[in-house]
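User: Could you take a close look at one part of this model for me? I'd like to hear about the aromatic residues and how they group, and then whatever helices and contacts help fill in the picture around them.

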Amino acid sequence: MKFSRRTTMAIAVVGALALGSTLGACSSDDSSSGDSGSTTLDPNTKVTLNVVGLLPGAKPEAQQALADEVADFQKENPNITVKTHDYEWKATTFAADLAGGTLPSVFEIPFTDAKTLIANGQIADMQAYLTQLAYASNFNKNLLQYGQGSDGHVYAIPAKSIYAVGLHYNRALFTQAGLDPNKPPTTWEEVRTAAKAIAEKTGQAGFAQMSKDGTGGWQLTVDTYARGGRMEDGKKATLTNDATKASLQFLKDLRWTDNSMGANFSYDWSGINQAFAAGKIGMYTSGQDVYTSLVQTNNIDPKTYGLTMIPLSGGESGVLGGGTMAAVSSKASSNEKAAAVKWIDYRYLRKYTNEGSAKKNAEIQVASKQPVGTPELPIFTQQQYQQYQDWIKTYVNVPLDQMTTFTSKVFDAKLVNEPAIATQDVYKALDTAVQAVLTDKNANIDQLLTEANAKAQRAIDAAG
């Protein structure tokens, strides 16, 4: 598989990443001894650990696979009771949920948010707990740094979904529109042409764009990077750059000139996934790892799925990359933190470093008809990632042959991290511009970006 052969470039390009009920603030410690202050968990100490589970609305098969993993973990750690809770990170609600104590003790965050949470004292120092793991020194340091504090300690741990944004497309809609699903668009002009054909011949949206809760700004940044622009230059907001203007004009042309974007202009991440899986969208951009969620939550037909490279133009063009970290509440006791690192090891990481764990995890997923082998970028070394792929190759059940125009090219592209300062505020400022061009035919792009830039600059200044 071409993706495997090209992982030799993975470490280099990842280095370019300048990368429902209310819960108590922490998990409950059932031991009468309370907080031991130790970084190891006494096997006689019983701990109940609340952790994030799957996205709300995940299919029963996915829930069963997670339940099987929990049961296996508890068999290995009989003194730890794990309780999973549906969870979807959203920029608009996360801060309030964390401050209000409604998150589990172990939760997931984007790379971009760890530094702020560390500075605010909202996530626990996990250095002493993490170093107990045999593979602790093997992390890709270019990823690990995003979870490190000014003291050099690790607070958030690279966990999953180390991604580069790709162009996802519906092969069935391509065929219905007279397009070749094996030859997806390679330029933005080809994307526009294909979107128009899909809209005219199938009645579905040829192309769709996320636009709210920070996702509009996130994907507009994706579009900007792909055209060679950037949203920040050090501590200066640069939202008025030519690439961002061209990206908004592209959306405006698809919406008002071509009428190829359907009728929904208020998608967030979960909403656009649902519509795409239902066959209502021909193309959209998102992380290459989204296929797993499309299966677990949205019941996509694998035969309809295609993934290709986002079009790149210009010498400074690049692909936005990012990922997910696991963090522990700063209010967690030492026993809970010791239990948490065991869960993080089991749930997210051990499969990459241990053949038995890799195969056991794959067997659980396959038994519940869950995806195994969705493309990803390595958390550890290239050698370990290649070895992991070899371990699970007989279990892979995702349509990798429908993703080759992405997996064969992504490591030749420049990967660029999300804006480094006040990331979510920058995205929120850009949401307004995206929404405006999709809902107002007379939207003034220059004015929208000038206003957004001013908001972003205030947020950057406030972030220090």
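Analyst: Let's start with a group of rings: Tyr135, Phe139, Tyr352, Phe380, Tyr385 and Tyr388 make up one aromatic cluster. Keep in mind that this is a predicted model.

Two members of that cluster, Tyr385 and Tyr388, sit in helix α16 (residues 382–392), three residues apart, which is about one turn of the helix. As a rule, an α-helix has 3.6 residues a turn, so residues three or four places apart point the same way. Tyr385 and Tyr388 are both buried. Another cluster member, Phe139, turns up again in the largest nonpolar core: that core has 148 residues, and Phe139 is listed with Phe107, Ile109, Phe207, Met283, Trp343 and Leu349 as touching the most other members.

Phe107 deserves a stop of its own. Setting aside neighbours within four places in sequence, Phe107 contacts Val52, Tyr87, Phe94, Leu98 and Ile123, among others. The list also includes a run from Met325 through Ala326, Ala327 and Val328 to Ser329.

Now for the ring pairs. The count across the model comes to 19 aromatic pairs. One of them is Phe111 with Tyr146, a stacked pair with 5.7 Å centre to centre and 20° between the planes. Phe111 is in the loop between β3 (106–110) and α5 (114–119), while Tyr146 is in the loop between α7 (141–144) and β4 (157–170), so this pair ties together parts that are 35 residues apart in sequence. Phe111 and Tyr146 are both buried. Back in α16, the ring centres of Tyr385 and Tyr388 are 6.4 Å apart with the planes at 40°, so that pair counts as tilted.

Rings also meet charge here. The charged end of Arg227 sits over the ring of Trp188, 4.4 Å from its centre. Arg227 also lies over the face of Phe250, this time at 5.3 Å from the ring centre.

Phe250 takes us to α11, where it is one of the buried residues. The others there are Ala243, Thr244, Ser247, Leu248, Leu251, Lys252, Asp253, Leu254 and Arg255, so to speak a mixed bag of side chains. Among the elements covering the buried residues of α11 are α9 (188–202), α10 (215–226), α18 (423–439) and α19 (445–462). The length of α11 checks out too: helix α11 (residues 242–257) has 16 residues, which at 1.5 Å a residue should span 22 Å, and its end C-alpha atoms are 21 Å apart, so the two agree. At the start of α11, a side-chain oxygen of Asn241 comes to within 3.0 Å of the backbone nitrogen of Ala243. Past the other end, Asn259 follows α11 with a positive phi, near 50°.

One of the covering helices, α10, is itself well tucked away: 12 of its 12 residues are buried. Its buried residues include Trp218, Leu220, Val222 and Tyr225, along with polar ones such as Gln219 and Asp223. From first C-alpha to last, α10 reaches 17 Å, close to the 16 Å expected at 1.5 Å a residue. Just after α10, Gly228 has a positive phi of about 95°.

One last spot is Asn361, found in helix α15 (residues 355–367). Asn361 has 16% relative accessibility, so it counts as buried. Not counting residues up to four places away in sequence, Asn361 touches Glu69 and Lys351.

Technical notes: Residues are numbered from 1 along each chain as its sequence is written. This is a predicted model: local features need pLDDT of at least 70, side-chain atom pairs count only at pLDDT 80 or more; totals for chains, interfaces and linings use all residues. Side-chain values use heavy atoms; hydrogens and water are left out. Helices (H or I, at least four residues) and strands (E, at least two) are DSSP runs, numbered from the N terminus. Buried means under 20% relative accessible area, exposed over 50%, partly exposed in between (1.4 Å probe, protein chains only). Contact means heavy atoms within 4.5 Å. A nonpolar core is a set of buried Ala, Val, Leu, Ile, Met, Phe, Trp, Tyr and Cys residues joined through side-chain atoms within 4.5 Å. The expected span of a helix is 1.5 Å times one less than its number of residues. A polar contact is a pair of N or O atoms within 3.5 Å; within protein, one must be able to donate a hydrogen and the other to accept it, and residues adjacent in sequence count only if both atoms are side-chain atoms. Rings of Phe, Tyr and Trp (its six-membered ring) pair if their centres lie within 6.5 Å; planes under 30 degrees apart count as stacked, over 60 as edge-to-face and the rest as tilted. A charge sits over a ring if NZ of Lys or CZ of Arg is within 6 Å of the ring centre and within 35 degrees of the ring normal.
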